[in-house]
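Good morning, and thank you for joining. I should like to take you through one chain, with attention to a single helix and its surroundings.

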Amino acid sequence: MQKSRKSVLMIKQFLAMVFLILFFSGNSYANSLSDIFKSSIERCADDKIIMSDIVASKVFKVVERTKDDPVDPVNPNKKLIKVRDIPESEQLIEFEKFLKQKLKKKLDTPEYVDVFKDCTKLKKESPELFKAKYSLF
């Protein structure tokens, strides 16, 4: 019984060390615990996705057209009016929230799907380079 307690303690210490090494390593993908569990393709897509494709930089409001406004053939009764510009700091916060979402939720965004497909192709075309750049282990 004494021997099994020692081995369990050693295993716990080993796992704690592995976690700390991964968490505090210089690898930018291991900055948070959730990043450790991402697939290499997801890390690639997160790295390559552009913030402007995901987060809006302006807020618009839909209003009724007046008689003086030029008529738009697509929507003759309504027009868009810019309400405000979104500061880059707010955009960055929203983008980071997006990147922290589960993969299934991120794949609901068409732009993310395109980047994810590109990363899948990259992994097939040059697996060694891909592994060196996006794998943690």
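How many of the nine residues of helix 3 are buried? Seven of the nine are, so that helix is mostly covered, buried meaning under 20% relative accessible area with a 1.4 Å probe and protein chains only. The buried residues are Ser40, Ile41, Glu42, Arg43, Cys44, Ala45 and Asp46.

Before going further, a word on the basis of these values. This is a predicted model, in which local features need pLDDT of at least 70 and side-chain atom pairs count only at pLDDT 80 or more, while totals for chains, interfaces and linings use all residues. Residues are numbered from 1 along each chain as its sequence is written, and side-chain values use heavy atoms, with hydrogens and water left out.

Now the overall picture. The chain has eight helices and two strands, taken as DSSP runs numbered from the N terminus (helices H or I, at least four residues; strands E, at least two). In sequence order the pattern is α-α-α-α-β-β-α-α-α-α. Of the 137 residues, 23% are buried. Counting contacts, that is, heavy atoms within 4.5 Å, between residues at least 6 apart in sequence, 57% join residues at least 24 apart.

Let us return to helix 3, which spans residues 40-48, and its packing against helix 8, residues 127-134. Their axes, lines fitted to C-alpha atoms over the stretch in contact, come within 10 Å and cross at roughly 75°. The two helices are therefore roughly perpendicular, a term covering angles of 65 to 115 degrees. From helix 3, Ser40, Ile41, Arg43, Cys44, Asp47 and Lys48 take part, meeting Phe130, Lys133 and Tyr134 of helix 8. By class, the residues of this contact are four nonpolar, one polar and four charged.

Serine 40 deserves a closer look. Its relative accessibility is 12%, which is why serine 40 counts as buried. Leaving aside residues up to four places away in sequence, serine 40 touches Lys123, Phe130, Tyr134 and Ser135.

Finally, what does a search of the whole structure find in the way of disulfides? There is one, a disulfide being a pair of cysteine sulfur atoms within 2.5 Å. Cysteine 44 and cysteine 119 form this link, with sulfur atoms 2.1 Å apart. Cysteine 44 belongs to helix 3 and cysteine 119 to helix 7, residues 110-125, so the pair ties together parts 75 residues apart in sequence. The link is left-handed, with -80° about the S-S bond, and both cysteines are buried.

Definitions and conventions. Buried < 20%, exposed > 50% of the residue type's maximum accessible area, 1.4 Å probe, protein only. Axes fitted to C-alpha atoms, helices over the stretch in contact; angles between N-to-C directions. Parallel < 35°, antiparallel > 145°, perpendicular 65-115°, else oblique. Nonpolar A, V, L, I, M, F, W, Y, C, P; charged D, E, K, R; others polar.
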